[in-house]
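Me: Here's a model I'd like to talk through with you. Can you tell me what the labels rest on as we go?

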Amino acid sequence: MQITVTINGEAVTADVEPRRLLVHFIREVAGLTGTHIGCDTTSCGVCTVLLDGTPVKSCTVLAVQANGRTVTTVEGLIQNGTLHVIQEAFKQEHGLQCGFCTPAMMLVTSELLERNPDPSEQDIRWAISGNLCRCTGYMNIVKAVQWAAKKKQGTLEEATP
Ligand code: FES
Ligand code: FES
């Protein structure tokens, strides 16, 4: 069937088989390979995107279920060629090593900070609990989310003298 999904503000229309997964639509039809595939079984979270603003594991959503809806991928975070504050945060706090989990971690962070601008460490750990990272031990990811929250609130200078 023909579907249209608005991905990072641009409408993408294509004929898809009903069984096609959203992650494959994003990577192969839209050509946005920042959304990764890991387990393919809803466990690792590396395929996470925002569907109408809510994090979903795109290996567990059919492309047809996204018809007429909006998707944000990691490529949608960048603004006018400059890093988004969350991308800057992961860079500043070394919130990644291999980077495989990072696009999904940043999208989950983006949704968390939208609904909770000043999250506790527990809030952050709960928000990223569906996303596995094999490298960092999570501590620097938590620090990156805290850095982004402070930067967005304008309190970063006071917090890091
Ligand atoms: S690839 Fe989707 S959760 Fe692992
Ligand atoms: S940085 Fe390697 S999996 Fe998270």
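Reply: Sure, starting with the core: among the 28 residues of the largest nonpolar core, Ile86, Phe90, Met105, Met106 and Ile141 touch the most other members. Helix H2 (85-92), helix H3 (102-115), helix H4 (121-127) and helix H5 (139-153) each supply at least two residues, and H5 gives the most, with seven. One caveat: this is a predicted model, where local features need pLDDT of at least 70 and side-chain atom pairs count only at pLDDT 80 or more, while totals for chains, interfaces and linings use all residues. Residues are numbered from 1 along each chain as its sequence is written, chains are lettered from A and ligands numbered from 1 in the order in which they are written, and side-chain values use heavy atoms, with hydrogens and water left out.

Me: What makes a set of residues a nonpolar core?

Reply: The members have to be buried Ala, Val, Leu, Ile, Met, Phe, Trp, Tyr or Cys residues, joined through side-chain atoms within 4.5 Å. A second, separate core of 17 residues includes Ile3, Phe25, Leu51 and Ala66. In soluble globular proteins, nonpolar side chains tend to be buried together.

Me: What is Phe90 in contact with, leaving aside its neighbours within four places in sequence?

Reply: Contact means heavy atoms within 4.5 Å. With those neighbours set aside, Phe90 touches Gly95, Leu96, Thr102, Met105, Met106, Thr109, Ile141 and Ala144.

Me: Why is Cys44 called buried?

Reply: Buried means under 20% relative accessible area, exposed over 50%, and partly exposed in between (1.4 Å probe, protein chains only). Cys44 has 12%, so Cys44 is buried. Cys133 has 11%, so Cys133 counts as buried too.

Me: How many disulfides are there?

Reply: Zero, from a search of the whole structure. A disulfide would be a pair of cysteine sulfur atoms within 2.5 Å.

Me: How do you know that the length of H5 agrees with what a helix should span?

Reply: Helices are DSSP runs (H or I, at least four residues), as are strands (E, at least two), numbered from the N terminus. The expected span is 1.5 Å times one less than the number of residues. H5 has 15 residues, so H5 should span 21 Å, and its end C-alpha atoms are 21 Å apart, which agrees. Buried residues in H5 include Ile141, Trp147 and Ala149. Right after H5 comes Gly154, with a positive phi near 75 degrees.

Me: What makes S2 and S4 edge strands?

Reply: The open sheet has five strands in the order S2-S1-S5-S3-S4, with mixed pairing. Two strands pair if DSSP finds at least two bridges between them. Strand S2 (10-15) and strand S4 (54-57) each have a single partner strand, so one side of each is left without a neighbour in the sheet. Strand S1 (residues 2-7) runs antiparallel to S2, joined by six bridges, and Thr6 stands opposite Ala11 in S2.

Me: Why is Asn8 called partly exposed?

Reply: Its relative accessibility is 28%, so Asn8 counts as partly exposed. Asn8 sits in the loop between S1 and S2 and has a positive phi of about 50 degrees although it is not a glycine. Most residues other than glycine have a negative phi.

Me: And is Asp40 buried or partly exposed?

Reply: Partly exposed, because its relative accessibility is 38%. Asp40 is in the loop between helix H1 (22-29) and S3, and its phi is positive as well, near 65 degrees.

Me: Why is His84 called buried?

Reply: His84 has a relative accessible area of 11%, so His84 is buried. His84 lies in the loop between S5 and H2.
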